[in-house]
Amino acid sequence: MPSSKEYHKKYYLENKKKKQEYYKSPEGIKTRNISKWKHRGVLSDDYDKLYEYYLSINNCELCNCELNLCNKSLKCLDHDHNTGGFRNVLCKGCNTKIQ
């Protein structure tokens, strides 16, 4: 009988491609983003609703620049680090300035 470590290693190798495909799907991207927010301390009663709001924002809520995937205007979820409460969806530049 294989050890737990051997079993998990075998399972990982057999399912690696399936996991990579999942994380490229819309549901996988959503799961990954929400997981990152929770890890960083963002608190919400409804993460699904917060995610939909996050997707709907196209401009920084502080400087109004267009948000896209280039580094200068990467979309960030701003939150209060003391309370964990969501504040705004900002570009990377504005989010860095606030902190």
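The bend at a residue is the angle between two axes, one fitted to the seven residues ending there and the other to the seven starting there. With that in hand, welcome to a tour of this predicted model.

**View 1. Helix α1 and its kink at Asn15.** Here we look at helix α1, which covers residues 4–24. A kink of about 55° sits in α1, with Asn15 at its centre. From first C-alpha to last, the 21 residues of α1 reach 29 Å, close to the 30 Å expected at 1.5 Å a residue.

**View 2. The whole chain, from the N terminus on.** Step back for a moment and you can count four helices and two strands in the chain. Starting at the N terminus, the elements follow the order α-α-α-β-β-α. The C-alpha atoms fill a box of roughly 60 × 30 × 25 Å along the principal axes. The radius of gyration is 17 Å, whereas a compact globule of 99 residues would have one near 13 Å. Of the contacts with a separation of 6 or more, 30% join residues 24 or more positions apart.

**View 3. The largest nonpolar core.** Now for the inside: the largest nonpolar core holds 15 residues, and Trp37, Tyr54, Cys60, Leu67, Leu77 and Val89 have the most contacts within it. At least two core residues come from each of α2 (26–39), α3 (47–56) and β2 (86–91). Helix α3 gives the most, with four residues. As background, nonpolar side chains in soluble globular proteins tend to be buried together. Across the chain, buried residues make up 25% of the 99 residues.

**View 4. Cys60 and the residues it touches.** Zoom in on Cys60, one of the core residues with the most contacts inside the core. Leaving aside residues up to four places away in sequence, Cys60 touches Cys65, Leu67, Val89, Leu90, Cys91 and Cys94. Two of these names, Leu67 and Val89, will be familiar from the previous view.

**View 5. Lys92 beside Leu74.** Our last close-up is of Lys92, which lies in helix α4 (residues 92–98). Is Lys92 partly exposed or buried? Lys92 counts as partly exposed because its relative accessibility is 38%, and partly exposed residues fall between the cut-offs of 20% and 50%. The C-alpha atoms of Lys92 and Leu74 are separated by 5.2 Å, although the two residues are 18 apart along the chain.

**View 6. The exposed surface.** To finish on the outside, the chain exposes about 7,800 Å², and 52% of this area is supplied by carbon and sulfur atoms.

Key
Residues are numbered from 1 along each chain as its sequence is written. This is a predicted model: local features need pLDDT of at least 70, side-chain atom pairs count only at pLDDT 80 or more; totals for chains, interfaces and linings use all residues. Side-chain values use heavy atoms; hydrogens and water are left out. A nonpolar core is a set of buried Ala, Val, Leu, Ile, Met, Phe, Trp, Tyr and Cys residues joined through side-chain atoms within 4.5 Å. Buried means under 20% relative accessible area, exposed over 50%, partly exposed in between (1.4 Å probe, protein chains only). Contact means heavy atoms within 4.5 Å. The expected span of a helix is 1.5 Å times one less than its number of residues. The radius of gyration is taken over C-alpha atoms; the globule rule is 2.2 Å times the number of residues to the power 0.38. Accessible areas come from the Shrake-Rupley method with a 1.4 Å probe; for residues, only the protein chains shown count as cover.
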